[in-house]
Amino acid sequence: MSRAVLSLGSNLGDRLGFLELALDAVRPALVAVSSVYETKAWGVEDQPDFLNAVCVVDDPERDHWAWLRTGQAAERAAGRVRELRWGPRTLDVDVVTVDGVTSDDPELLLPHPGTPDRASVLVPWAEIEPAAVLPGHGPIAGLLAARPADEIATVRRTDLALR
C-alpha cells in the first residue's frame, strides 16, 4: 500500500482547472480532497494569489518516486515552466509525505521540507485528516497551532469546489 499526501497549487491561468487536472492524474487512487483555499504567494511575493488544495491518494502499485513522477506529469500537462524558484506557476504538485518514507535525495525530499511552516498546506490537510502526523515533525494539528494566527488567517477557504 502506498498512501500519499499531495499538495496542489496554481496561480496562473485557469487555476481551478489546473487543480482539476492534477486530480484527474490521481483520480483512481483518490481517497480525499480538501476544499479549495486562496493564499498569498510567498518566497516571490509579487505574483498572483494561489488556489491550493491537498489530497490523499492510495495505490499499492506506486511508491514515493511514482507519486513524484505522477505529479510532474500533471505539471507538464498544465504547461508548467520552471523559470524562477517560488515563482508563478500553472500547477505545482508537491509530494508532502508517503507512508512515512523519509528521503534526503535532492530530487525528492520527504517529508516535504516546507510543510511544517506552510499554513497553505497544513490548513487544507487538517480539514481532511485532522489526526494526521507529519513524520519527524509530529501531529499536523500541533504544527498548525504553532503557526501565527495572522498567517493562518491568510489561508482563505473559497466557495470553489473540486469534482
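**A tour of salt bridges and one buried threonine**

Begin by selecting aspartate 24, which is partly exposed, with a relative accessible area of 43%. The model on your screen is a predicted one, so please read each stop as a description of that prediction. Add arginine 27 to the selection, and you will find its side chain joined to that of aspartate 24 in a salt bridge, with 2.9 Å from N to O. Arginine 27 is likewise partly exposed, at a relative accessible area of 30%.

Next, select arginine 89 and aspartate 92, whose closest N and O atoms lie 3.2 Å apart in another salt bridge. Here both partners count as buried, because a residue is buried under 20% relative accessible area, and the values are 10% for arginine 89 and 12% for aspartate 92.

Move on to arginine 147 and glutamate 151, a pair that also forms a salt bridge, the closest N and O atoms being 2.9 Å apart. Then select Arg15, Glu38, Lys40, Asp49 and Arg156 together, since these residues are linked in a network of salt bridges. Across the model, the count of salt bridges comes to 13.

For the last stop, select threonine 39, which lies in strand E3, residues 37-39, and is buried, with a relative accessible area of 5%. Show asparagine 52 as well, and you can follow a polar contact of 2.6 Å between the two side chains. Leaving aside residues up to four places away in sequence, threonine 39 touches Asp49, Phe50, Asn52, Ser120, Thr154, Val155 and Arg156; of these, Asp49 and Arg156 belong to the salt-bridge network visited earlier.

Definitions and conventions:
Residues are numbered from 1 along each chain as its sequence is written. This is a predicted model: local features need pLDDT of at least 70, side-chain atom pairs count only at pLDDT 80 or more; totals for chains, interfaces and linings use all residues. Side-chain values use heavy atoms; hydrogens and water are left out. A salt bridge is a side-chain nitrogen of Lys or Arg within 4 Å of a carboxyl oxygen of Asp or Glu. Buried means under 20% relative accessible area, exposed over 50%, partly exposed in between (1.4 Å probe, protein chains only). Helices (H or I, at least four residues) and strands (E, at least two) are DSSP runs, numbered from the N terminus. A polar contact is a pair of N or O atoms within 3.5 Å; within protein, one must be able to donate a hydrogen and the other to accept it, and residues adjacent in sequence count only if both atoms are side-chain atoms. Contact means heavy atoms within 4.5 Å.
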